[in-house]
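Got a fold to pick apart over coffee? Here it is, followed by some quick back-and-forth about what sits where.

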Amino acid sequence: MSVNVPKRMRILLRLPNWLGDGVMASSLFYTLKHHYPNAHFILVGPQITCELFKKDEKIEAVFIDDTKKSFFRLLATHKLAQKIGRCDIAITLNNHFYSAFLLYATKTPVRIGFAQFFRSFFLSHAITTAPKEYHQVEKYCFLFSQFLEKELDQKSVLPLKLAFNLPTHTPNTPKKIGFNPSASYGSAKRWPASYYAEVAAALLEKGHEIYFFGAKEDAIVSEEILKLIKGSLKNPLLFHNAYNLCGKTSIEELIQRIAVLDLFITNDSGPMHAAASTKTPLIALFGPTDEKETRPYKAQKTIVLNHHLSCSPCKKRVCPLKNEKNHLCMKSITPLEVLEAAHTLLEES
């Protein structure tokens, strides 16, 4: 489908709410930039995902969507739309009702999004659900391909990329190894703290440096792990090579620090996708979430550990099972498995 392209085209992109989804949206963002080279972009979304793209030279404006806090959200969304103004194309990567209404209220003629949650009335192009076998990155690109009335060529979908100046990675001595033990979605995605401590202590004993990453609220989990590490080290002096950076980095600093790591060990999370975008060697631990949908996209030096239990992927925030089966999808991945994967990737680097 063709669009009459003005000299200065405005594309509204309503970004996803989660960091990992925002990173996975980068493929679509750069596809749009390539397809419409004269376009400028208006970003709408939470601070955490807008940060990923706001430094790109094609960003015209950024609007933080905090309408969820409003008592009358529909009115707040309408007011936000008036601030944004009319665009040429608007795409929502958020599947909420209000994100579709936002596009409609800007009076943008071309409004693209998935046809879910009674949103079709507000969208000029309400796209049916993407094929189940598609990765989330491909599902975002599928929206645009359907608008163009073309089949999505999965092989040509761009790898993840972010609008930051990244430092050049050179092999470190000692090796720098990052950990992301938390996951904002819920406790079901988290590998046990004692397992992280066992792996981290073993890597410290090998002479490596370890770094814990996450948001401010993740510092508690990391401190718990660090206490376990401190109590298990044969040489207590090695604990000086362990650093807790949770809540101490901006989004840009987080991604820049991940970019210079020799290895990153993580749950299925936003920082995992950030590591995929920086091509950092990566061990990704999967249990309750769908590996086919959210595994590190087109990441080369990556080992995904997933035991594919009969109850997974359940996509639950908290494991509903009791007794010995509780959280088994993550508990069954042993520290020894992770250490073997770590040694493999460190030797390759």
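Q: Pro313 lies in the loop between which two elements?
A: This is a predicted model, so the usual caution applies. The peptide bond leading from Ser312 into Pro313 is cis, its omega being near 0°. As for the loop that holds Pro313, it lies between β12 (302–305) and α12 (328–331).

Q: Is His327 buried or exposed?
A: The loop between β12 and α12 also holds His327. Its phi is near 60°, a positive value in a residue other than glycine. The relative accessible area of His327 is 12%, and buried means under 20%, so His327 counts as buried.

Q: What is the relative accessible area of Lys315?
A: Lys315 is another residue of the loop between β12 and α12. Phi of Lys315 is near 60°, positive although the residue is not glycine. Lys315 is partly exposed, with a relative accessible area of 40%.

Q: The peptide bond from which residue to Pro174 is cis?
A: Pro174 sits in the loop between α6 and β7. Omega of the bond leading into Pro174 is near 0°, and the residue on the other side of that cis bond is Thr173.

Q: In what order do the six strands form the open sheet?
A: The pairing in this sheet is parallel. β3 (59–64) and β6 (125–127) each have a single partner strand, so they stand at the edges with one side left without a neighbour in the sheet. From one strand to the next, the twist averages 15°. The order reads β3-β2-β1-β4-β5-β6.

Q: Which residue is the bridge partner of Leu12 in β2?
A: Strand β1 (residues 9–14) pairs with strand β2 (residues 39–45) in the parallel sense, over six bridges. Follow Leu12 across to β2 and you land on Ile42.

Q: What angle does the direction of helix α2 make with that of β2?
A: Helix α2 (residues 26–35) packs on the sheet, where it touches β1, β2, β3 and β4 (89–92). Its direction and that of β2 make an angle of about 155°.

Q: At what angle to β5 does helix α6 run?
A: Helix α6 (residues 136–147) lies across β4, β5 (110–114) and β6. Relative to β5, helix α6 runs at about 140°.

Q: Which residues does Ser99 touch, not counting those up to four places away in sequence?
A: Ser99 is found in helix α5 (residues 97–105). Ser99 is buried, with a relative accessible area of 4%. Its contacts from beyond those four places are Arg14, Thr92, Asn94 and Arg119.

Q: How far apart are the end C-alpha atoms of helix α8?
A: Helix α8 covers residues 219–232, which makes 14 residues. At 1.5 Å a residue, they should span 20 Å. The model agrees, with the end C-alpha atoms separated by 20 Å.

Q: Within what arc do the buried residues of α8 fall?
A: The buried residues of α8 are Ala219, Val221, Ser222, Ile225, Leu226 and Ile229. Looking down the axis, they line one face of the helix, because their directions fall within an arc of 155°.

Q: Which exposed residues does α8 carry on the face turned away from its buried side?
A: On the buried side, the cover includes α7 (193–205), β8 (209–212) and β9 (242–244). The face turned away from there carries Ile220, Lys227 and Gly231.

Q: Which residue of β9 is the bridge partner of Tyr211?
A: β8 and β9 run parallel and are joined by three bridges. Together with α8, they make a right-handed β-α-β unit. Both faces of β8 are covered, with Glu209 and Tyr211 buried on one side and Ile210 and Phe212 on the other. Across in β9, the partner of Tyr211 is Tyr243.

Q: Which residue stands opposite Glu209 of β8?
A: Strand β7 (residues 176–180) runs parallel to β8, and four bridges join them. Opposite Glu209 stands Lys176.

Q: By what distance are the C-alpha atoms of Ala284 and Arg295 separated?
A: Ala284 is found in strand β11 (residues 282–285) and is buried, with a relative accessible area of 0%. Its contacts beyond four places in sequence include Thr266, Met272 and Pro296. Arg295 is eleven residues from Ala284 along the chain, and their C-alpha atoms are separated by 7.8 Å.

Note on methods. Residues are numbered from 1 along each chain as its sequence is written. This is a predicted model: local features need pLDDT of at least 70, side-chain atom pairs count only at pLDDT 80 or more; totals for chains, interfaces and linings use all residues. Side-chain values use heavy atoms; hydrogens and water are left out. Two strands pair if DSSP finds at least two bridges between them. Axes are lines fitted to C-alpha atoms, for helices over the stretch in contact, and angles run from 0 to 180 degrees between N-to-C directions. Contact means heavy atoms within 4.5 Å. The expected span of a helix is 1.5 Å times one less than its number of residues. Buried means under 20% relative accessible area, exposed over 50%, partly exposed in between (1.4 Å probe, protein chains only). The arc is that of the directions from the helix axis to the C-beta atoms. A crossover is right-handed if, with the strands pointing away from the viewer, the path from the first strand over the helix to the second runs clockwise.
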